[in-house]
There are 2 protein chains.
Amino acid sequence: MFENKDNSRQNIEQLGEFGLINHLTKNFKIKQTTTVKGVGDDAAVLGSNPDEELVVTTDMLLENIHFDLAYMPLKHLGYKAVIANLSDVYAMNAEARQITVSIAVSNRFPVEALEELYAGIQTACDIYSVDLIGGDTTSSTTGLIISITAIGAVKKGEAVYRNGAKENDLLVVTGDLGGAYLGLQVLEREKQVFLVNPQSQPDLEPYSYLVERQLKPEARKDIPILLRELGVRPTAMIDISDGLSSEIFHICTQSNVGCRLYEEKIPIVPQVISTCEEFELDSTTIALNGGEDYELLFTIGMDDYPKIKGNPHLTVIGHITKDLAKNLITRASTEIALKARGWTAFEDQ
Amino acid sequence: MFENKDNSRQNIEQLGEFGLINHLTKNFKIKQTTTVKGVGDDAAVLGSNPDEELVVTTDMLLENIHFDLAYMPLKHLGYKAVIANLSDVYAMNAEARQITVSIAVSNRFPVEALEELYAGIQTACDIYSVDLIGGDTTSSTTGLIISITAIGAVKKGEAVYRNGAKENDLLVVTGDLGGAYLGLQVLEREKQVFLVNPQSQPDLEPYSYLVERQLKPEARKDIPILLRELGVRPTAMIDISDGLSSEIFHICTQSNVGCRLYEEKIPIVPQVISTCEEFELDSTTIALNGGEDYELLFTIGMDDYPKIKGNPHLTVIGHITKDLAKNLITRASTEIALKARGWTAFEDQ
């Protein structure tokens, strides 16, 4: 799809490794005062504030495992790859500041395609006020590989871990769930239709929210700020990109507690419900296990409930129990054990 | 080669992504006081010292581009992957402290093979006092991919960049050059012999130093310490893993200067010279362009020369000129233009 058959296009080999990095990163501006030195040396140099701790997280994305270039435009891919990492920084209650981006790509990829990818990375950097400070470009014999490391900062002692949930704490989730997974189902269906009939024009309008959740997700930069404004310090927090159910398991296991989750409380928008009906899927299962919703899950003490009550970004979906069982209370009031299915990169390969 | 055909072996799929990370990292010990939280949350948390700056560097290694599992044992590969990143930290005049390691691997890889890889990573972490603080494991449809980010620290204002070289500064290199490249040639030759005759036993003894430089290189952790002890502050410094010649170009270009490099001064050990003769290669060309010698190249003011004179780790190989030409003075006293050939991952693919 991206083979460079047009000789008028620029060739990666002509630029070379260093020329390529320079070419792709030359329009990135440094925005963070802690970025002392960005791209262009053996390593980037970052200043530090004495009252802060740093957070560091990393993710690797592979073509045909994590994304499919058949329906993922490269600009969106670059944007989403950054978002996936920033989400982990926000899940620590921290502010994101810098990223490094390494890519491996066939040298038959035209430079224009990489420019698209970096345009998406740059858009995310601009919107989230994050600096690109380094990276590596190398040749791949197969598909495109993107590895990003994100660095953030949090006031000393204010990082929120997965292991602090306590009995009676409330389980709170941001935003709504299931959209990204359904967006993927819609795009997969259109891809199959296209393969059979390349003339068909997809009508994605009825699924616009879902497709956007899949192709151009946002990370919850606003949540650590909101929590500070509300005077709420979560006892535990996690990014739920691998699916609500599996992330609840992580919090419960690491905190040595259990939970009761209420099906009727799980935030699901009407477009998710109607599309689930169309695809004959159970919306609760999708919300629990779909994944790729870059929302945050956290626990707060009962005393903090009045501070978050009625906030449109936050939904209380259950509470933490001393008993280690992790149960879902269904709409029919039956209690069933949650399964930590989530999403794993080693499944079904 | 590493396909899991033996059912008694542990399977990556059985462990799952989180089980696999836990399994591979459970024996790693935290050594650095700045590591507040390592593996196991959305992100690692690092403390900072008010009088320090951090350095961050990242590298991605791909099977059959950067390494060949036919002659690269996985334990050595893990070790070398860490070394390659630490070398960039030391090239900033910094101390290495933490790394993240992301790997992508086919789920047909036996867990035992990954254990070998992580044993090498752990050995490097132990020897260099570096903490593994995070990472990602994911499935690859093709070969093994390793992406490492290294984090270090340097006293505020003491980071050494590539762009500070000045007229009359001396060009200094650590260790000796060309060994790693020749080690690769020896291993490649043995691989070809093995393909023709699988019964042949390679005799690598005469090439032991070269093979070690290729398979188990060390990073110059000692150099920033030595320079501090000697009271020498380099004006510019760079890691020369891509080849002396190309790294001299980086320093000269970024410092807006030229240089005169003396062929007879380039440190080359006898085993490199004799093996070059055997392979009918020019040892100066190999030393200039071979690459993968994890040595450091730096420039110092003339006033500092007495401090480094006679030090067995350091060799003055030339000096910086105001004129932008980058010239090699041959043994025959002719002056020829240096070429920045170096090593690029996009060449010859």
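A residue counts as buried if 20 or more other C-beta atoms lie within 10 Å of its own. That cut-off serves the account below of this predicted model.

## Helix α3 of chain A

Under that cut-off, the buried residues of α3(A) are A113(A), L114(A), L117(A), Y118(A), G120(A), I121(A), Q122(A), A124(A) and C125(A). An α-helix has 3.6 residues a turn, so residues three or four places apart point the same way. Helix α3 of chain A spans residues 111-127, which makes 17 residues. From first C-alpha to last, helix α3 of chain A reaches 24 Å, close to the 24 Å expected at 1.5 Å a residue. S129(A) follows α3(A) and has a positive phi, near 55 degrees.

## How the two chains are related

Two copies of a chain are related by a rotation about an axis and a shift along it. Here a turn of 180 degrees, with a shift of 0.0 Å along the axis, lays chain B on chain A with an RMSD of 0.0 Å. That is the relation of a two-fold axis. P50(B) has the C-alpha nearest the axis in chain B, at 2.3 Å from it.

## The contact between the chains

Chain A gives 57 residues to the contact, and chain B gives 57 residues. On the side of chain B that touches chain A, strand β3 (residues 52-62) of chain B supplies the largest share, 10 residues. The residues of this side of chain B divide into 25 nonpolar, 20 polar and 12 charged.

Do the copies meet through the same surface or through different ones, and why? They meet through the same surface, because 100% of the interface residues of chain B are also interface residues in chain A.

Strands cross this contact too. Strand β3 (residues 52-62) of chain A pairs with strand β2 (residues 44-46) of chain B in the antiparallel sense, over three bridges. Within β2(B), V45(B) stands opposite V55(A).

## Two mixed sheets

One open sheet of six strands runs in the order β5(A)-β4(A)-β6(A)-β3(A)-β2(B)-β1(B), with mixed pairing. Its edges are β5 (131-139) of chain A and β1 (35-37) of chain B. Each has a single partner strand, so one side of each is left without a neighbour in the sheet. From one strand to the next, the twist averages 20 degrees. Helix α2 (residues 74-90) of chain A packs on this sheet, where it touches β3, β4 and β6 of chain A. The direction of helix α2 of chain A makes about 30 degrees with that of β6(A).

Another open sheet of six strands has the order β1(A)-β2(A)-β3(B)-β6(B)-β4(B)-β5(B), again with mixed pairing. β1 (35-37) of chain A and β5 (131-139) of chain B are its edge strands, and each pairs on one side only. The twist of this sheet averages 20 degrees from one strand to the next. Helix α2 (residues 74-90) of chain B packs on it, touching β3, β4 and β6 of chain B. About 30 degrees separate the direction of helix α2 of chain B from that of β6(B).

In a regular strand the side chains alternate between the two faces of the sheet. Some strand pairs, each with one pair of facing residues, are set out here.

| Strand pair | Sense | Bridges | Facing residues |
|---|---|---|---|
| β4(A) and β6(A) | antiparallel | nine bridges | A96(A) and G152(A) |
| β3(B) and β6(B) | antiparallel | 11 bridges | M60(B) and S147(B) |
| β4(B) and β6(B) | antiparallel | nine bridges | T100(B) and T149(B) |
| β4(B) and β5(B) | parallel | eight bridges | I99(B) and L132(B) |

How many of the 11 residues of strand β6 (residues 145-155) of chain B are buried? The count is 10, so strand β6 of chain B is largely enclosed by the rest of the structure.

## A loop residue: M72(A)

M72(A) sits in the loop between β3 and α2 of chain A. M72(A) counts as partly exposed, because it has 17 C-beta neighbours inside 10 Å. Leaving out residues up to four places away in sequence, M72(A) touches F67(A), L77(A) and L215(A). L144(A) is 72 residues from M72(A) along the chain, and their C-alpha atoms are separated by 12 Å.

How values were computed: Residues are numbered from 1 along each chain as its sequence is written. Chains are lettered from A and ligands numbered from 1 in the order in which they are written. This is a predicted model: local features need pLDDT of at least 70, side-chain atom pairs count only at pLDDT 80 or more; totals for chains, interfaces and linings use all residues. Two residues are in contact if their C-beta atoms, placed from the backbone, lie within 7 Å. Helices (H or I, at least four residues) and strands (E, at least two) are DSSP runs, numbered from the N terminus. Ala, Val, Leu, Ile, Met, Phe, Trp, Tyr, Cys and Pro count as nonpolar, Asp, Glu, Lys and Arg as charged, and the others, Gly among them, as polar. Two strands pair if DSSP finds at least two bridges between them. Copies are superposed by least squares on the C-alpha atoms of residues with pLDDT of at least 70 in both. The expected span of a helix is 1.5 Å times one less than its number of residues. A residue is buried if 20 or more other C-beta atoms lie within 10 Å of its own, exposed if 12 or fewer, and partly exposed in between; C-beta atoms are placed from the backbone. Axes are lines fitted to C-alpha atoms, for helices over the stretch in contact, and angles run from 0 to 180 degrees between N-to-C directions.
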